[in-house]
Every structure is written in structure tokens, then in C-alpha cells.
2 protein chains.
Amino acid sequence: MMDNLDLLKGISNPSPTKIVLLVIDGLGGLPNPKTGKTELETANTPNLDRLAAEGTCGLIDPVGPGITPGSAPGHLAQFGYDPVRFNIGRGVLEALGIDFDLQPGDIAARGNFCTVDEAGRVTDRRAGRISTEKCTELCRLLDGLVIERVKILVCPVREHRFLGVFRGKKLAPEISDSDPQQVGVPPRTITALRPEASKMASIASQFIAQAKTALAKHYPANMVLLRGFSQRPHFPTMGEVYKLKPVAIASYPMYRGLAKLVGMEVLETGTSIEEEFLTLKQNYAHYDFFFLHIKGTDSAGEDGDFDRKVRIIEEVDSALAGLMSLEPDVIVVTGDHSTPALFKGHSWHPVPIILHSKWCRPDRVSEFSESACIFGGLGRFPAMQIMPLAMANALKLTKFGA
Amino acid sequence: MMDNLDLLKGISNPSPTKIVLLVIDGLGGLPNPKTGKTELETANTPNLDRLAAEGTCGLIDPVGPGITPGSAPGHLAQFGYDPVRFNIGRGVLEALGIDFDLQPGDIAARGNFCTVDEAGRVTDRRAGRISTEKCTELCRLLDGLVIERVKILVCPVREHRFLGVFRGKKLAPEISDSDPQQVGVPPRTITALRPEASKMASIASQFIAQAKTALAKHYPANMVLLRGFSQRPHFPTMGEVYKLKPVAIASYPMYRGLAKLVGMEVLETGTSIEEEFLTLKQNYAHYDFFFLHIKGTDSAGEDGDFDRKVRIIEEVDSALAGLMSLEPDVIVVTGDHSTPALFKGHSWHPVPIILHSKWCRPDRVSEFSESACIFGGLGRFPAMQIMPLAMANALKLTKFGA
């Protein structure tokens with residue numbers, strides 16, 4: 001049966017029009033009990049409000065009503081990929097996040113340096129969040145081990161987090177995690193979930209045993225936990241599907257990695273919102289699709305910092321003026337999911353969206369907010385339909401069917 | 001997996017209630033920059049507004065958000081057929097459009113008379129849009145050729161367009177187009193896309209060679225281009241699926257052809273809106289489902305004639321009074337897609353819809369317009385769900401499941 005991407009592949013055409021997809025991570029919120037207003041409703045956002053008034057608004061469900069998405073499905077849906085069908089393992093996501101070039105056959109795992117007590121029970125899954133420097137030093141102890149002709153590459157990520165990559169022949173990723181996801185219990189024994197993965201289960205177990213020995217004197221980081229063993233998937237690229245020349249501007253590695261997985265180029269940029277927008281401006285001539293990712297809103301939401309999330313939204317709004325002066329044919333502003341400060345984490349709430357183009361049909365919404373977007377002309381719809389809408393408004397799709 | 005039609009087939013029942021589906025082709029529009037109002041919002045439509053106020057409203061996506069439908073998918077969706085799954089080839093659509101009675105096994109192709117230069121390169125894909133008279137004359141030169149016991153029927157359509165039908169044994173339609181869809185290159189060589197189609201590829205190639213010879217002295221129409229080779233598909237009929245006795249009233253052949261494809265009877269009617277409504281009234285006793293198709297709105301939209309589209313909508317509104325006096329159990333008013341006069345073509349914008357019946361749950365919408373329908377009780381939904389809604393409101397569906 002024909003799938004969404006096949007359909008789009010059949011009707012997409014290259015054209016000089018430009019699309020900007022601005023993803024304000026964790027944008028959606030919940031009302032502050034004191035004011036009855038969400039973060040977005042509290043923020044002073046004249047530019048977003050102008051886009052909302054001129055454009056058409058709505059609410060998206062990243063995966064589906066009630067489903068809280070992780071970062072990968074949240075973003076894949078934005079790029080038009082069915083987030084249930086196109087799944088990415090945690091290990092691969094970690095590799096993407098540090099620009100690690102996974103080879104065909106490589107098995108990647110997300111690693112934590114952790115603390116275990118004398119009985120071998122996990123007492124801190126993050127080893128007191130050791131510094132990235134310390135993590136780098138410890139990774140050097142483990143990197144390059146060879147077990148039964150399988151080479152294990154160990155790369156620091158950030159703080160206690162590292163990437164483990166198993167490179168060898170006939171390795172299958174279907175093995176269980178060693179990370180128990182709780183303290184007070186020992187790491188779990190890794191087992192093969194399919195007969196073909198028994199070699200991999202054995203290698204991973206031996207690696208963990210060797211790591212324990214090597215780290216014995218490095219309290220609090222005296223053990224490792226591994227999870228999310230996975231292989232790099234092969235997705236059709238955005239170039240193939242949409243005939244776009246797409247580029248990503250994101251200060252966090254994971255989002256750059258996700259963008260690469262769907263065939264985007266990735267630009268070097270700074271860590272501030274201003275720098276990200278500047279990078280877009282400087283490279284505006286060279287691409288026709290720009291994925292611009294703002295991380296701060298999600299972090300503030302996760303920290304439960306309502307006011308900081310408000311400030312970051314206002315900062316994005318200020319930076320938007322420069323983007324709007326470039327007059328992209330289509331501007332989409334939304335988030336990959338909600339991260340209400342009151343909830344202190346990703347949530348399932350639908351996310352407000354603006355679609356702004358010469359060809360959109362304006363609605364009566366004149367401010368960008370959760371409560372106003374309910375009445376938007378786009379209605380409530382799955383995030384994976386954002387791309388067809390953006391492509392249509394950029395006049396990059398021909399008619400479907402005779 | 002159970003499909004929509006299977007589900008409906010299992011719960012549909014014949015009953016004396018009557019459904020009218022009024023399709024105002026290309027109904028949806030975009031606001032006139034001078035007034036901020038769409039064609040439908042500009043038109044004075046007391047009857048449509050009354051239906052909207054008494055009924056329930058919404059917006060439909062014919063194929064999906066962002067997807068601009070051709071006429072075939074736009075209509076199949078209205079009749080409840082998944083427009084992605086139930087595909088109709090271009091050649092078949094052309095045959096439907098001129099009431100050509102395709103036989104089982106016939107392969108139909110859309111043909112263009114075109115111009116080629118001395119080197120055989122296409123210089124005009126439409127041969128300067130020759131007159132329909134000239135087209136008819138040229139078709140006579142080619143009609144009735146027999147190649148390896150395959151008879152080729154060639155019928156004029158309009159201007160440079162013609163229908164080619166290949167009638168013979170063991171012909172398969174899976175061959176490539178000869179139409180290069182661009183100028184400056186020669187027509188493409190036709191190739192079989194499946195081994196079973198090699199005979200058909202050979203016959204089509206020989207036909208094109210003979211046509212070239214026959215047309216050599218008929219510059220600018222000195223060559224043919226063929227595309228969209230296809231066979232008449234077999235769809236479950238509306239009688240089978242819905243237990244309806246359905247009838248179509250449409251002045252344009254293509255829509256009559258689409259209606260026949262899903263098992264509707266087709267009534268003779270005039271070309272004016274008044275005549276079409278009169279045909280419905282005269283035949284009201286004999287059917288329980290009426291598909292009434294209004295073409296003028298789409299044509300006006302394609303021509304970019306905002307005011308003409310407004311006038312035609314007003315004409316439909318006037319004619320509606322007579323239909324309403326018949327008191328059909330269910331009246332659905334919508335379009336198969338949007339054709340905004342500002343856009344001068346089919347577009348992806350969702351189409352307003354009214355569902356009027358004794359049993360619908362009224363909403364707060366009191367006018368029929370794009371901006372009001374956003375707030376309708378039906379919300380925004382795929383067009384292929386219109387039929388289940390109409391059937392339910394006509395009390396023609398029993399409970400699903402125990």
C-alpha cells in the first residue's frame with residue numbers, strides 16, 4: 001500500500017521557494033495557576049502574534065493524542081516521517097548526538113557512568129553527574145578494547161553519558177539493557193532477545209565486566225550501564241522524498257544527528273538563539289529548507305522554570321524579526337512536543353503551530369497561544385502532515401491523481 | 001486489515017430515506033485582498049446559510065492536508081472510496097470524459113497532438129492548441145488502425161487532446177509514457193514496465209511510428225504523445241457497499257464517467273444549474289442517493305474570475321430552494337476540492353461542508369463559509385468520511401459490533 005512518503009515523492013518538485021521550519025523545543029505548556037496563562041500566553045510575542053494573524057494556526061499531535069514523544073519521534077514527525085514506523089534506537093540517537101559516524105553493522109549503545117556499592121547495587125545512575133572532562137578521561141580507559149574480534153569504541157558525550165559502539169562481524173542489536181533504570185538493584189544481566197543476538201549479548205556482558213575492573217578505583221564513576229542497543233536505520237532522505245536541499249541549524253548534537261539521518265546538511269552554529277538565526281541568515285541563499293531548532297525552551301520546561309521558558313520564548317520572538325525580513329515563502333513555527341514547566345517534563349499536550357505563507361488561508365486567530373490555536377484554520381492534526389502543508393504552500397507539490 | 005468500505009458494507013441497509021450530495025466543484029476559495037472575503041463569503045447565500053444554521057458544518061480534506069487532488073481522487077473520496085488506494089489512470093479518465101465505453105481488456109491512453117522539429121524533438125507539446133475540428137480531422141486519419149490484430153481507436157477530446165484505445169488480446173497497461181513532459185527533447189521510447197506488457201509496448205511504439213508518418217504533412221500537429229496507459233478499474237459499487245440506488249446528475253462527461261465507475265446510474269440533463277436541479281426533482285421518486293455536480297464554480301476559479309465564481313455560487317443558492325422543498329432526509333453540500341480564483345487552479349485548501357438532517361447535532365455555525373466552518377461540529381476531516389456520516393444521518397447504518 002502506498003505510504004505518505006511515497007505519495008509525496010510522486011508529486012514533489014524542486015523550486016526556488018524557501019521553507020523555514022522553526023522548532024521551539026517543548027513549546028507547548030500548561031497555565032500557571034496564578035495567572036491562568038501558559039508560558040507562551042505569558043510571553044510578550046509581537047512577531048509570533050503577527051505571523052499568527054497573517055497566517056493560519058492549529059494544534060499538532062506529534063505522535064497521537066495522549067502520546068508523549070521522545071525527541072526522535074517528535075522530530076521525525078515534523079520532518080514528515082511516521083514516528084511509529086520510523087523508529088530510532090537510543091544508542092543510535094546518542095551516536096547521532098556526537099557526530100559519530102556509525103558504519104553498517106555497528107551496534108551502538110547509550111552508556112552511563114554510574115556508581116555501584118560494594119554489593120554491586122547501583123546507588124547513582126549518573127555517578128554524581130561527573131564532569132565531561134572526567135567522562136573523557138574514563139572513556140579513554142575503555143576505548144579500543146577488543147573482545148572476540150569485536151572492537152569496542154567508547155566516546156564521551158556529556159557529563160556521565162557516553163556512547164559505546166561494537167564493531168565486528170555478525171552482530172545483532174536485539175539484546176536487553178543492563179541499565180535497571182532504578183537504584184538499589186544491581187545492573188541487569190544482558191540477554192539475547194533473538195538467537196542471532198547471542199554473540200552480541202556475550203560480548204556486551206564481557207565488556208561490562210572488563211569496564212567494572214578498569215573503573216574500580218574511579219569512584220563515584222566505578223561502573224557502566226548500557227541501554228538502547230541499536231543499528232543505524234536507513235530512511236529515505238528529504239532530498240529523495242521532497243526534492244529539497246535541506247539544512248539544519250541546531251546547537252545540540254542530537255538534533256543535528258536526527259537531521260542528518262533524514263539527509264539534511266548540518267551547519268556549524270553558536271549556542272545562542274541569536275547566533276542560530278544569524279547562521280540561517282548567512283546561509284539563506286544556499287538551501288530551500290531550513291530546520292532551525294531552539295533547545296532552551298525544553299530545558300527550562302524540564303527544570304520547571306516557568307519564567308525562564310517565558311524569557312526564552314520572548315528571545316525567539318525578538319530574533320524572528322530578522323528572519324521575517326528575509327520573507328521566506330513559508331514559515332512554520334511549532335514545537336516537537338509540549339514541555340510544560342508545571343509538568344517538568346515532556347508531555348502529550350498538543351503543540352500550537354503557525355503556518356505563514358502567501359497562499360495560506362487566513363483564519364481568525366490573531367495571537368500565538370495554545371488557547372487561540374484551538375480556533376485555527378488548520379484544526380488539530382498529526383505533526384507528520386506539517387511537511388505536506390509546508391510543501392503545498394511553497395508550491396512544491398503538483399496535483400495528485402488525474 | 002478491514003477497510004472502510006468493508007466496514008460500511010457490513011452495516012449498511014436499504015431504507016426509503018434519501019440523500020442528496022451536492023458537489024460544488026472547486027468550492028473552497030481564498031480571500032479577495034480588497035475585501036478579505038472568499039468567493040463563498042462574498043456571495044449572498046440565504047439558503048446555504050439556512051442549511052448551515054440548521055445543520056452541522058466542518059472542513060474536509062479531499063486526500064490529505066497539503067495535497068491538491070485531481071478530479072478523480074477528489075470525487076472518489078466524496079463517494080467514500082480511499083482516493084489513494086482507488087486510483088484511476090489518466091487514459092481511463094480521458095475515456096470517461098467523452099463517454100467512451102471502455103471494454104474489459106481495453107488499454108486507454110491520453111494523447112496529445114504535438115509539434116516536432118526536423119530532428120524529431122518536441123517543440124510544442126500541444127501543437128499550438130489546434131482547434132477541436134482539426135483534432136477531429138486528424139483523429140480520423142489514425143482511427144481504426146490495426147497492428148498485430150490489435151485495433152486502435154482514436155477519438156477527439158478537445159483542442160489538441162485525444163483518446164487512444166488499444167483493443168486486442170493479452171494487452172497489459174504497464175508501459176511507460178512517450179510524452180517527455182518537456183520540449184527540446186524527442187518523445188520517449190515506450191518500454192514495458194513488466195514482462196507481460198512487452199506486446200503492448202511494441203504495439204504502442206508501432207502506432208506512434210505510423211502516426212508520425214500519417215501526420216508528417218499536418219504541421220503543427222505532426223506527431224503524437226501518449227501517456228497514462230491504463231485499464232478500467234473494478235471498484236465495488238455504491239449499490240454493493242451502501243445498498244443505495246444512486247444516481248448522478250452532471251453536465252460534464254468526466255463526472256458522469258466517475259459516477260458510472262462506482263455504479264451510479266447517470267441521468268440525461270441540461271448544462272445549466274437550473275436544469276440540473278430540475279432533473280433531480282423530476283427523478284426524485286426513483287432513487288435514494290443523488291450526486292448533483294456543479295461545474296461552473298471550478299471553471300470560474302481556474303479562469304481566475306472571482307466575481308463569476310461568486311455569481312455561480314449565488315445561482316446554486318437560488319436553485320437550492322427547490323431542492324430544500326423536497327425535504328431530503330440528508331443534504332450534504334461541499335466541493336471536491338478548492339479552486340480559489342486567486343490561485344487560478346485546484347488547490348490543497350480544505351473545503352467547507354454542510355451536513356443537514358433531522359438527526360445531525362447542530363453547532364453554532366450560522367453561515368456557510370470557509371472561516372465559519374472552522375468552528376463547525378464536524379471539525380476538519382477526510383472527505384472519504386462524508387458517506388458514512390450521510391448514511392448514518394439517513395438511518396441507513398446499523399450498529400457496528402456487538
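Okay, let's start inside chain A: the side chain of A:T339 makes a polar contact with the side chain of A:D298, at 2.6 Å. Keep in mind that what you're looking at is a predicted model.

So where does A:T339 sit? It's in the loop of chain A that runs between β12, residues 330-334, and β13, residues 351-357. And is that threonine buried or exposed? A:T339 has a relative accessible area of 0%, and since anything under 20% counts as buried, A:T339 is buried.

Who's around it? Leaving out residues up to four places away in sequence, A:T339 touches three glycines that I'll name, A:G26, A:G28 and A:G301, among others. A:D298 turns up in that set of neighbours as well, along with A:E39, A:E302, A:K309, A:G345 and A:H346.

Right, moving on to how the two chains relate. You can superpose chain B on chain A with a rotation of 121° and 0.4 Å of shift along the axis, and the RMSD comes out at 1.0 Å. That's the relation of a three-fold axis. The copies use different surfaces, though: just 3% of the contact residues of chain B recur in chain A.

Last stop, the surface. There's a nonpolar patch there made of A:I374, A:F375 and B:F375, and together they have about 290 Å² of accessible area. Take B:F375 from that patch: it's in the loop between α13 (370-373) and β14 (379-382) of chain B. Its relative accessibility is 33%, which lies between the 20% and 50% cut-offs, so B:F375 counts as partly exposed.

Technical notes: Residues are numbered from 1 along each chain as its sequence is written. Chains are lettered from A and ligands numbered from 1 in the order in which they are written. This is a predicted model: local features need pLDDT of at least 70, side-chain atom pairs count only at pLDDT 80 or more; totals for chains, interfaces and linings use all residues. Side-chain values use heavy atoms; hydrogens and water are left out. Helices (H or I, at least four residues) and strands (E, at least two) are DSSP runs, numbered from the N terminus. Buried means under 20% relative accessible area, exposed over 50%, partly exposed in between (1.4 Å probe, protein chains only). A polar contact is a pair of N or O atoms within 3.5 Å; within protein, one must be able to donate a hydrogen and the other to accept it, and residues adjacent in sequence count only if both atoms are side-chain atoms. Contact means heavy atoms within 4.5 Å. Copies are superposed by least squares on the C-alpha atoms of residues with pLDDT of at least 70 in both. Patches are made of residues with over 30% relative accessible area and no salt bridge: like charges are joined within 9 Å, nonpolar side chains (Val, Leu, Ile, Met, Phe, Trp, Tyr) within 5 Å. Accessible areas come from the Shrake-Rupley method with a 1.4 Å probe; for residues, only the protein chains shown count as cover. A salt bridge is a side-chain nitrogen of Lys or Arg within 4 Å of a carboxyl oxygen of Asp or Glu.
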